[in-house]
Structure formats: structure tokens, C-alpha cells
Amino acid sequence: MTVGEAGSRETGPRTPRPLKAGADDPVEVRMTVNGTPTVLRLPARVTLADALRDHLGLTGTHVGCEHGVCGMCTVLVDGEAARACLLFAVQLDGTDIVTVEGLGRPDSLHPLQESFGRHHALQCGFCTPGFLMSSYDLLVNKPDVTEEELPEELSGVICRCTGYRNILTAVDETRRAHPEGIPEPGNRVRTALVGRAGQGADASGGPEEAEDTVSSGVQDIVLPSGDPTIAVRITTEIELPEDRVWGVLDDIYLLARCLPGAELTDDHGNGHYAGRARVSVGPVKLAFNGVARILEHDREAGRLRAIAQGQDTGGAQTQADITLTTEATETGTAMHADAKVYLTGRIAQFGRALAGDVSRRMFEQFADAVTEAATSGRAPSGPVKAPSALSLVFAPLLDRVKRLLRRVGSRARPGRGSSDPGRGSSDRRP
């Protein structure tokens, strides 16, 4: 198989490409996928569809017939619709790829996606990505297409549920709503791309960033620039002086022992660390290997900031930007955590609500562990386990019980309720 010369889009120093490669010989391929520069090293026989799904985790590109007939795998290659099952990834070095994930975001859908939803232009949904990308290509390259021409123009994608009428209605509505031209894809931003094959995308911005990574000898952490999967701000009260809390935050190894499900495995110097983390929610059990970097560690300002990323063997990836701040209170220390978390793969299927609950529960466990370590001066007696599905179910109930006990305790103090001689029983709150 002959492999073409490298394209014009560069993402840093590259390995010279062979003029010929066998079907199973690994070849380096660089392309931009939904706005993210990617670097893949995969066998020459791997199709674009498999590269997108298995190596980059973009499973919105569906594979049907694998003969280029059904159109399910339609994507945009340099702005033109193409069958991903008929292209080898090595043919696309230097190209710009847009998949259905790049068309719009859940909170900001593309007009085509909104129209498909309004008109229920789907049944099983298997053909929907192909129709969306094919329709986009049609409306860009032939904006004056008529309603009568749509059936023939969209005949390259097969709907086995035979739901064509609603599909045609949705496309025609979008055409009428945008006579001056359909908007461009709205989710072409740098993000984390990691697939089931365990091979990720290099989202480095260029040669300088790549050289920094090599010189430091550790994996660089590049956070996506788009919106995080979840963003949480959590505050907890620790009944200890602030300097006692920072006695734990200053000791990275002791701090790591307080993180639920986490274990520090190596210190690479200059604030770079390697570690492992385990998360279990119901039947989903994930074990991440990853790296972390301390960006700020300011005891005087009461601020600690770190970024981290990890990947499990199934291709799930998590990246996080976490800032801890502390402030003295009358009863001890208030510790705040601001976290932006980016999820890819199986773990992203938890959804924002559940992922937020897991994050909150893990921070509560972390705060309890910090309290124990600050009180005893030693690491927690046992490993801090990540929250279970059962604890997530009962956590809201336990929180209500704690609030009730605090309320009862405050009434029992002098100056409140029946113990206050200056108040009668009628002043008691329900």
C-alpha cells in the first residue's frame, strides 16, 4: 500500500513516513478532528471509521454495511461528505475531519439537529448521524435545492425504519430557515479524544508545546478549551485551625492518601506526579492510570490548584482542573473546591447529574480524611474508598439527618429554645 506525503497541517515534530507500508505496519497519521489536532499510530489497514470509533472514541460515526452503500458512516473530509468505511486513515494525513459530534453541543445544538428533534426525524436513530452529515453537506454545497429534489439528493443514506418523510421535512425546514446559508458546525473545539483501543489523541498546540513535554520527561496535560462535562463548587467545614489543615495540604503524599480511591505512584519532580485512581458506580468499575501537576501551592493565600488526567484500559478518560481554597472561620476552617471535569468514554455515560453527585460525595470523603489526618498527624487508618452506588443513594438522606441534628444542637445551646429563661415555649421554632 502506498502512503501519501504528509499534509500541510502540522502539530509538532513528526516521524518520517514510509513510502510503503504493509497492511499491519503501524503508520503515524496526523489530522484535525472536530477542531482537535490528533496524532495516531495505527496499522495501514485501519479504516477512518474504525480510527474514529476505536482510537478516538467518536462513536457517533456508525458503521452499517462497510461497503459504502448505506451511508451511515458519512463524515466531512476537508468540508466534503465522505464514506468513512471506504477510506483508510493513512490516506487522510493532514486533513480536517468533522463528525456528527462536531456538529453541535448538547446545550447548543446545530439547527439541523434541532429540526430533526422537533420533527422526530429518527426512529432507532442508527442512520441519524449519516443523515445529519449528508444533509449538512447538501445544504452547504447546494443551498438552492428544492423540496422536490430532496428525496433524490438524500438517497445516499438508507433508513431501515423507513422514516424518510420526517427526515425530509426536517431538512426542508432547515433549508427554509437559512436561505443565506446553513451555520457552520458549532462544536469544533479542542477536547480530549481517547478511544476504546486505549490510544489517545495528541492535542498539543505545536512544536514548542511538544518540546516542553519531551524535555520534562513526563506526559503533558492539555485541558480542553470547551465547556466541561461538569463544573461543581463545594464547601465543607472542618473544625480545625487553618494551619492544621495546611499541614495536610503541604504534604503531597499525605494529601494523596486522603483522596478517595487514589494512590500516588511516582514523583517526577517540578510538581509532576503519577498515580492511580479507582471509581465504582453500580456495575461500572473503572481504574485510571494518570498524571497530575501542581500549578499553585500558596499557603499564605490559602490556595492550591492542580490539573490532572487519567485513562482506563477501556478508553474512558477524565481530565480535571481543581482549585482548593481555605479560609478561617469562627469554628475552624472552610474549605472550598472548584472543579471542572471533562469526561470521555464510558464514564461520560453517567450523565451530568450522577457525575456531579459522585464528585460531591468524593469531596466530602476527602474533607473527612483531611480532618482525620490533620487531627492525628498521620494518614487515614485505611484507604479512602471511592463512593459506592449505595452511598450515593443514601447520601441525601444522611445529609438531611446531619442538618436536623445540627438544628437540634443549636436549639439546645444557652440563649436558644427552652434553656433560655428569657424566652417562652411559644418562641420555639417548629
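**Exercise 1. Surroundings of glycine 60**

Glycine 60 sits in the loop between H1 and S3; decide whether glycine 60 is buried or exposed, and find which residues it touches beyond its sequence neighbours.

*Solution.* The model is predicted: local features need pLDDT of at least 70, side-chain atom pairs count only at pLDDT 80 or more, and totals for chains, interfaces and linings use all residues. Residues are numbered from 1 along each chain as its sequence is written, and side-chain values use heavy atoms, with hydrogens and water left out.

Step 1. Helices (H or I, at least four residues) and strands (E, at least two) are DSSP runs, numbered from the N terminus.

Step 2. Buried means under 20% relative accessible area, exposed over 50%, and partly exposed in between (1.4 Å probe, protein chains only). Glycine 60 has a relative accessible area of 14% and is buried.

Step 3. Contact means heavy atoms within 4.5 Å. Not counting residues up to four places away in sequence, glycine 60 touches Val100, Glu101 and Pro129.

Step 4. Cysteine 73 is 13 residues from glycine 60 in sequence and 8.7 Å from it in space, C-alpha to C-alpha.

**Exercise 2. Glycine 130**

Repeat the analysis for glycine 130: state which helix holds it, and list its contacts outside four places in sequence.

*Solution.* Step 1. The helix is H3.

Step 2. The relative accessible area of glycine 130 is 0%, and the residue is buried.

Step 3. Leaving aside neighbours within four places in sequence, glycine 130 is in contact with Gly71, Met72, Thr74 and Val157.

Step 4. C-alpha to C-alpha, glycine 130 and valine 100 are 8.1 Å apart, with their positions 30 residues apart in sequence.

**Exercise 3. Cover over helix H1**

Determine how many of the residues of helix H1 (residues 48-55) are buried, and which strands they pack against.

*Solution.* Step 1. Six of the eight residues are buried, and the helix is mostly covered.

Step 2. These buried residues are Leu48, Ala49, Ala51, Leu52, Arg53 and His55.

Step 3. They pack against strands S1 (26-33), S2 (36-43), S3 (74-77) and S5 (96-98).

Step 4. Glycine 57 follows H1 and has a positive phi, near 75°.

**Exercise 4. Positive phi outside glycine**

Compare the placement of asparagine 34 with that of threonine 162.

*Solution.* Step 1. Most residues other than glycine have a negative phi.

Step 2. Asparagine 34 has a positive phi, near 50°. Asparagine 34 lies in the loop between S1 and S2 and is buried, at 5% relative accessible area.

Step 3. Threonine 162 has a positive phi of about 55°. Threonine 162 lies in the loop between helix H4 (150-153) and H5 and is exposed, at 59% relative accessibility.

**Exercise 5. The aromatic pair**

Classify the one aromatic pair that a search of the whole structure finds.

*Solution.* Step 1. Rings of Phe, Tyr and Trp (its six-membered ring) pair if their centres lie within 6.5 Å; planes under 30 degrees apart count as stacked, over 60 as edge-to-face and the rest as tilted.

Step 2. The ring centres of phenylalanine 131 and tyrosine 164 are 6.3 Å apart and the planes are at 75°, so the pair is edge-to-face.

Step 3. Phenylalanine 131 belongs to helix H3 (residues 128-141) and tyrosine 164 to helix H5 (residues 164-177), so the pair ties together parts that are 33 residues apart in sequence.

Step 4. Phenylalanine 131 is buried, at 1% relative accessible area, whereas tyrosine 164 is partly exposed, at 34%.

**Exercise 6. Enclosed space**

Find how many cavities of 30 Å³ or more there are, and describe the lining of the largest cavity.

*Solution.* Step 1. On a 1 Å grid over the protein atoms alone, a cavity is a set of points where a 1.4 Å probe fits but cannot get out; lining residues have an atom within 4 Å of a point. Grid points are joined across faces, edges and corners, and a volume is the space filled by probe spheres set on the points.

Step 2. The count is two.

Step 3. The largest cavity holds about 1300 Å³. Its lining has 48 residues, with Leu259, Ala308, Ala320, Ile322 and Met362 nearest the centre.

Step 4. The second largest cavity holds about 50 Å³. Leu139, Pro143, Thr174, Arg175, His178, Gly181 and Ile182 line this second cavity.

Note on methods
On a 1 Å grid over the protein atoms alone, a cavity is a set of points where a 1.4 Å probe fits but cannot get out, and a pocket is an open set with protein on both sides within 12 Å along at least five of seven lines; lining residues have an atom within 4 Å of a point.
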